[in-house]
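Trainee: Can we go through this one together? I'd like to start with the empty spaces inside.

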Amino acid sequence: MSTPVDIAPANQPLETGGRGDLLGALRRERLASSLTALFGSEDAALTEGLLRQGQWVTVRGGERLFLQGEPGDSMYIVVGGRLVALREDGAGRRRVVGRIRPGESVGEMGLLAGQARSATVQASRDSVVVRISADAFREVAAEHPRLLATTARLVIRRSTDLMHGAPSSERPKSIAIVPLRPSVRCADFVERLRRALERRGPTLVVDRARADAVLAANGISPTRGDDARSLVLSRWLDEQELRHDAVLYPTEGMADPWTEQCTRQADVVLLLAPAGEAPELDADERRLARGGGDGPRRELVLVHPRGASSPDGTDRWLAPRGVARHHHVRSGSDDDFRRLARYLAGEAVGLVLGGGGARGFAHLGVIRALREAGIPIDAVGGSSQGAIVAAAVAMDWDDETIERAHREGFTRSNPLGDWALVPHVALVRGKRLERALERWFGTRDVADTWRSFFCTSANLTRARAEIHRSGPLWRALRASVSLPGVLPPVVMSGDLHVDGALLDNLPVEPMRESGVGRVVAVDLSVRDEGGMIGGALPSTADFLKGRLFTGGGHVASPGIASILVKSAMLSSTQRARELASSVDLFLEPQPADIGFLEWKALDRGIDLGYRYAKRELARRDLRRCVEEDAPLAAAVDDA
C-alpha cells in the first residue's frame with residue numbers, strides 16, 4: 001500500500017494541544033473552511049466531530065495518497081495543496097480523471113460502496129488532508145446526517161463526470177526555476193519571465209525570503225518542522241494561486257531544502273542551463289531527478305548569450321535528462337521569453353506546413369502575412385517541401401533570408417536536375433539537393449533550432465510515419481522530400497525513408513503532441529485538379545503543339561511529375577482537408593497555377609501565398625492567435 005509522509009496515529013486527535021494550541025487552532029480553522037466549501041455553510045458541530053475522529057495526513061508533492069485497487073476504507077477532505085486522480089487501463093496507460101482542491105473530498109466512492117479504489121490519487125503539491133475512516137464516518141454521520149447526504153451527492157457527481165470523460169487539461173500555475181549551473185543568472189531570467197507572463201495575467205514571484213516572511217507574520221519559525229508550518233504556507237500559496245495566473249518559485253541551487261520544496265509545489269520545473277557549458281549530470285542533479293516520473297513536468301531551458309547565432313549541441317543536454325520539452329532562450333531577447341511564456345500558459349502557436357513541391361513557395365508568402373498580422377510562430381513542423389520552409393522558420397531566419405536561400409537552392413539551380421544515368425532506384429540522383437540542404441543547415445541537429453521543429457517521413461521498412469525531432473537536420477529534411485521514383489530513399493538506422501507526404505502531408509497531430517495550445521495549418525492541395533475537358537488524354541502530337549504554342553507553358557493535361565506527386569499524396573491529402581475544422585486557423589492558398597516541379601515560379605508563389613493570406617487574415621477572427629499588442633491584419637489589394 002502507498003504510505004503518505006506523515007499520518008497522525010488513529011488514537012491521537014487532531015486537536016493535539018487544546019483550544020489554545022497554535023497547531024490545533026490552525027487545524028480547526030482550515031478544516032472549518034474546507035467543510036464550508038464542501039457543504040455550502042459552516043457547521044461548527046460537524047467540524048468538532050471530524051476533529052475528534054479524523055486523522056491529519058501530510059502528503060508531499062509527487063507522493064501517492066492511495067493506489068488504484070486498494071481497499072476503499074476511508075475518505076479524505078483536502079484542506080491544503082492539490083491532488084490528482086489517475087486511472088490506469090489494462091494496457092498500463094494512465095489518464096487524469098479528476099483534480100481535487102482544498103474544500104473538496106476524495107475516496108468517498110470506495111468508502112460508501114465498500115469497493116476497491118477506482119483510481120490512484122497523488123499529490124501534485126505538498127498537501128494536507130483529513131482522513132476519515134469507515135468507522136469514523138459512520139460515527140460522525142450518525143450525529144450529523146447531512147454528512148451522509150452530501151457525500152452521496154458527491155459520489156453521484158463524480159460518477160457523472162467520469163461518464164463524460166477526463167477533465168480538460170489545466171494550464172500550469174506553479175513554476176519552479178532551478179539553475180543547473182552557478183553561472184546562470186537566475187534573478188535576471190526570473191524577472192524577464194515574470195514580465196513576459198504578466199502580459200497574460202497576474203504573476204507572483206515567491207522566493208525563500210518571501211515564504212519566510214509569510215511564516216514569520218503568522219508566528220511560525222521558518223525552521224519549524226511540524227504541521228503548523230505546512231498549514232500556514234499551503235493556505236497562503238493556495239490563496240496566491242487563486243489570485244494569480246502564474247506563481248514563480250526561483251531557487252538558488254539543487255542541493256537545498258527550499259529547492260526540494262519548490263519542485264514539490266510545482267506543475268512545471270524549468271531546469272536552467274548555460275548553453276555553452278558541459279552538459280553532464282552531476283550528483284546533485286541526479287538526486288533531484290530521482291522519482292521524477294510521477295512528479296511535475298520537467299523542461300530544459302538552454303540560456304544563450306545575447307546575440308548568439310544558433311544553438312549547438314542540444315542533443316548532448318537532452319540525452320541524459322529525459323525532459324518533456326526543451327527551449328532555447330537568448331539573454332535579453334524579449335521574443336524568446338514571450339515564446340517561453342506562451343508555452344507555459346498553454347498558448348504557444350504551432351505552424352504546420354504541408355508538402356507540394358514548388359507549390360511550397362506559397363508558404364513563404366503566407367509566413368510573411370502571418371508575421372505582419374502579429375501571429376507568433378512558436379513551433380513549426382511540416383512534410384516534404386513544407387518541412388524545408390518550416391526548418392528555415394525554426395532557425396529564426398527573416399523573410400529575406402528564407403527567400404534568398406530558396407532562390408539560390410531552387411530557382412537558380414534546379415535541385416532535381418542531376419538525372420541518374422541508370423535510374424535503378426530513382427530518376428534523380430539527389431546529390432544536388434543534398435548539397436543545398438547541407439549548405440543551408442550544416443551539421444546541426446534537429447534540436448538545434450531556436451523554435452521547436454519536427455518533420456515527417458514515411459518509413460517504408462516498418463510501414464509507418466516517422467516524426468523526426470532529433471538527428472542531423474539536413475538528413476531528416478532529405479528524407480521528408482524523397483518522393484518515390486523521383487528521389488532515392490534515405491537510409492536511416494537501416495530503414496528506408498521516403499517523402500512524409502505519403503502518409504501525412506499535413507502533420508497536425510504531431511504538432512498538438514508537442515505541447516502547443518494553438519495550431520495554424522497551411523494546406524497546398526488543390527481541389528478538382530486534373531480534369532480533362534475533352535474527355536481523354538491528349539495525343540503526343542497535341543501535347544507537342546501545346547508546348548510550342550504556349551511557349552513551353554502548361555498544357556491541358558497533367559504531366560508525369562504531377563501524376564506521381566498527386567498519386568502519392570492522395571490519401572494524406574484527403575485527411576488534410578478533414579483537419580480544417582480541428583485547427584485554430586486553416587489556410588489553403590490553392591496554388592493551381594504552379595506546377596509541382598516549376599522551380600522558376602518562386603516570385604509567383606510568394607505573391608500568391610501573401611495575397612491569399614492577407615485577404616483571409618483580414619476577415620478571420622484571430623483573437624486566439626494574435627498577441628495583444630499586435631497590429632490588426634489588413635487586406636491587400638488584388639490589383
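Mentor: Sure, one term to begin: Ala, Val, Leu, Ile, Met, Phe, Trp, Tyr, Cys and Pro count as nonpolar, Asp, Glu, Lys and Arg as charged, and the others, Gly among them, as polar. This is a predicted model, where local features need pLDDT of at least 70 and side-chain atom pairs 80 or more, while totals for chains, interfaces and linings use all residues. Residues are numbered from 1 along each chain, and side-chain values use heavy atoms, without hydrogens and water.

Trainee: How many cavities of 30 Å³ or more are there?

Mentor: Three. A cavity is a set of points on a 1 Å grid over the protein atoms alone where a 1.4 Å probe fits but cannot get out, and lining residues have an atom within 4 Å of a point. The largest cavity has a volume (the space filled by probe spheres set on the points) of about 230 Å³.

Trainee: Which residues are closest to its centre?

Mentor: Gly357, Ser384, Val481, Leu483 and Asp499, out of 21 lining residues. Helices H14 (385–394) and H20 (560–578) each give two or more residues to that lining; helices (H or I, at least four residues) and strands (E, at least two) are DSSP runs.

Trainee: What's the lining like by class?

Mentor: The largest cavity has 15 nonpolar, five polar and one charged residues in its lining.

Trainee: And what is the volume of the second largest cavity?

Mentor: About 120 Å³. Its lining has 14 residues, with His326, His327, His328, Arg339 and Trp450 nearest the centre. By class, that's five nonpolar, five polar and four charged. Strand E15 (325–330) and helix H12 (334–344) each supply at least two of the lining residues.

Trainee: Where does the second largest cavity lie?

Mentor: Between domain 2 (174–344) and domain 3 (349–528 + 560–624), because both give residues to its lining.

Trainee: New topic: which residues of H15 meet H21?

Mentor: Glu403, His406, Arg407 and Thr411 in H15 meet Leu602, Asp603 and Ile606 in H21, where contact means heavy atoms within 4.5 Å. Those residues divide into two nonpolar, two polar and three charged.

Notes
On a 1 Å grid over the protein atoms alone, a cavity is a set of points where a 1.4 Å probe fits but cannot get out, and a pocket is an open set with protein on both sides within 12 Å along at least five of seven lines; lining residues have an atom within 4 Å of a point. Domain bounds come from an automatic or database domain assignment.
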